[in-house]
Amino acid sequence: MSYPYQIKTLAQYHQVYRESIENPSKFWLDIARHFKWRKQPETTSEVLTWNFEQPLIEWFKGCKLNITENCIDRHLEHDANTPALIWEPNDPEEHQRILTYKELHFKVCQFAHVLKNNGVKKGDRICIYMGMVPELAIAVLASARIGAIHSVVFGGFSAQSIADRLIDAQAEFIITQDGAYRGNKEIPLKSVIDDALLQCSFVKRVIVLTHNRMPVSMIKGRDVWWENEIKKVETQGNPDFPAEEMDAEDPLFILYTSGSTGKPKGVVHTCGGYMVYTNYTFVNVFQYQKGEIHFCTADIGWITGHSYIVYGPLSAGATSLMFEGIPTWPDAGRFWDIVDKYRVNILYTAPTALRSLMAFGNGPLQGKELTSLRVLGTVGEPINEEAWHWYHEKIGKGKCPIVDTWWQTETGGIMISNLAGVTPHKPAHATYPLPGIQPILVDENGHVIAGTDASTGEWPKEVVNGNLCVKFPWPGMLRTTFGDHERCRLNYFSTYQEMYFTGDGCFRDKDGNYRITGRVDDVLNVSGHRIGTAEVENAINMYTDVVESAVVGYPHDIKGQGIYAFVILQQTSENQDLTRQDILQTVTRLIGAIAKPDKIQFVSGLPKTRSGKIMRRILRKIAENEIQHLGDTTTLLDPGIVDEIVKGRL
Ligand code: PRX
């Protein structure tokens, strides 16, 4: 399979971009033709129906497909023996596993039978809580094959977080494993599920894979072993599992993500548009060439793993490398060993990982060849120039383009990025929008900032700064938030009229390169993970002795952002350190270790306006140590509190 829609030159990019904006339906129809449909889109009128007020977004509605036929079956004719997934275990001494497309087909069909035997039907929600093992990808694909809606929950989330998600999605099925390896630790998974299920009696079945074989409880009638269920399928004979026919607009998955208010929301992606978009962006951004090894270091618990370990690469017939471990174990050369071992061509990782590896110096790079690398990529957070240059020089030996890919859980796939080696890269800039994407910068009042409309394909020669919106739909965008469409409208489509609001601030240089500067809402980006300040505050406030708290982000050398919590206690703690530990433990229980504040400062009050609103701007400045720039504090209810907080700054 070649990719006729792979852009090859800068001039072609400009031309394709222009065409995609002038006639989006024709543009996406031409791309959609390269997929395997049961009922294919034939005319431009079948491509898109939309309005951003409701919002209503439908791509290829009425057309039929199953995404797994695109990710697996269609490669069987020419690529049956091509590796689809390569799995590198946590422990380098253990054996890797390689699944060809043929083997992947077999395993996905087998597990789809298991799901069916256990009562799963089209439209049912399946929560998947696993480590980075090949069976995670198999579970995801089998779920898609049977037409169920998967909701993968990252292995770092707590039982309470899982319960919240299970309840919200009304998920009756769970796929998990005994435990996972993570560096020199073993992480329990099934026992966390057991705790979550104390609140979720509606769950009918838990399928448990054995991996590290740590002891787990198994409840008769509810819990079954993955391996036993597979054995039953083996005795049934025919291993093939005909894929369920799905409408392009049927939901494919839910992925929960944090916003500025309340509990995480279930972002819903659908089958047809998501498939077309992840494939198109994978092929173009990374300029994937058949036979290459693509190594995305993300966890499948996040959108990056969904789109660029599973669906994008597999729909393109690529070889996708999946890694169970962490970059620093057994030593900080782990990524580079993997690159050399498999002769990886494309490495896609997060700036946090790069910064933490940089901190080890040149030692871990000694003796590593890294000559197979052709393209490097980053995702999830802004990359600072120092890390960019280190990546470029030390890892790419000055020869590999770096794609700085800006996108979100909600966008499904990459939105702004250079195309490797085709359009120019620029340190710390995501650069140009992908074809079909119409970014627009607006000021706080929703006024479009002059010169931001790039729809002509000509870049205005102006430097501008604003809030990043998108003014036209793209196939990979979210359709709703599960069970609460109004929340979707309020979050993304109500801040600015007739635009999707990203929540990000953005700068554009005179050459039209976009640089994302970070969130402008109350969402933190810690090590590339999105965490709502309100979520962390709610968790802290659950601690018995806490009266009130306020959480802000501050610059952190490795994590990008750290979490700073200002906390009012009911009574002064006699042992502040112990109280801090208790609060951290509470947050870990309620959300997960990823949401633990880096700093907790006990205060006697918070800076509030006369109407009782916390002035986060002031707290942010204090956390950032910008105390000279606190601004006007005279309008506060109690201006004196600011001095106290500044004095006690950690
Ligand atoms: O703030 C942006 C940042 O990550 C947010 C999206 O987080 P999430 O939905 O978890 O998805 C992460 C993986 C796609 C964005 O709103 N972000 C993502 N990529 C970049 C980025 N910030 C700067 N540069 C990027 N390349």
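**Close-up 1. Asp504 beside the ligand in this predicted model.** Start with Asp504: one of its polar side-chain atoms sits 2.6 Å from an oxygen atom of the ligand. Asp504 is also among the residues that come nearest to the ligand, along with Asp404, Thr409, Arg519 and Arg530.

**Close-up 2. Two arginines, Arg519 and Arg530, at ligand oxygens.** For Arg519, a polar side-chain atom lies 2.8 Å from an oxygen atom of the ligand. For Arg530, an N or O atom of the side chain is 2.8 Å from a ligand oxygen atom. As for the ligand's surface, it exposes 540 Å² when taken alone, and the protein buries 96% of that.

**Close-up 3. The shell around the ligand.** Zoom out a little and there are 17 residues around the ligand. Sorted by class, this shell has 6 nonpolar, 6 polar and 5 charged residues. Helix H11, strand S20 (402-405) and strand S25 (514-519) are the elements that each give two or more residues to it.

**Close-up 4. Helix H10 packing on helix H11.** Here H10 (residues 271-285) meets H11 (residues 303-315) at an angle of about 90 degrees, and their axes are 8 Å apart. Angles of 65 to 115 degrees count as roughly perpendicular, so that's the label for H10 and H11.

**Close-up 5. Side by side at the H10 and H11 contact.** From H10 come Tyr274, Thr278, Asn279, Thr281 and Phe282. Across from them, H11 brings His306, Ser307, Tyr308, Tyr311, Gly312, Pro313 and Ser315. By class, that's 5 nonpolar and 7 polar residues, with no charged ones in the contact.

Methods: Residues numbered from 1 in each chain as written. Predicted model: local features only at pLDDT ≥ 70, side-chain atom pairs only at ≥ 80, totals over all residues. Heavy atoms only, no water. Axes fitted to C-alpha atoms, helices over the stretch in contact; angles between N-to-C directions. Helix = DSSP H or I, 4+ residues; strand = E, 2+ residues; numbered from the N terminus. Parallel < 35°, antiparallel > 145°, perpendicular 65-115°, else oblique. Contact = heavy atoms within 4.5 Å. Nonpolar A, V, L, I, M, F, W, Y, C, P; charged D, E, K, R; others polar. Near = heavy atom within 4 Å. Polar contact = N/O pair within 3.5 Å; in protein donor to acceptor, adjacent residues only side chain to side chain. Areas by Shrake-Rupley, 256 points an atom, 1.4 Å probe, with all protein chains shown as cover.
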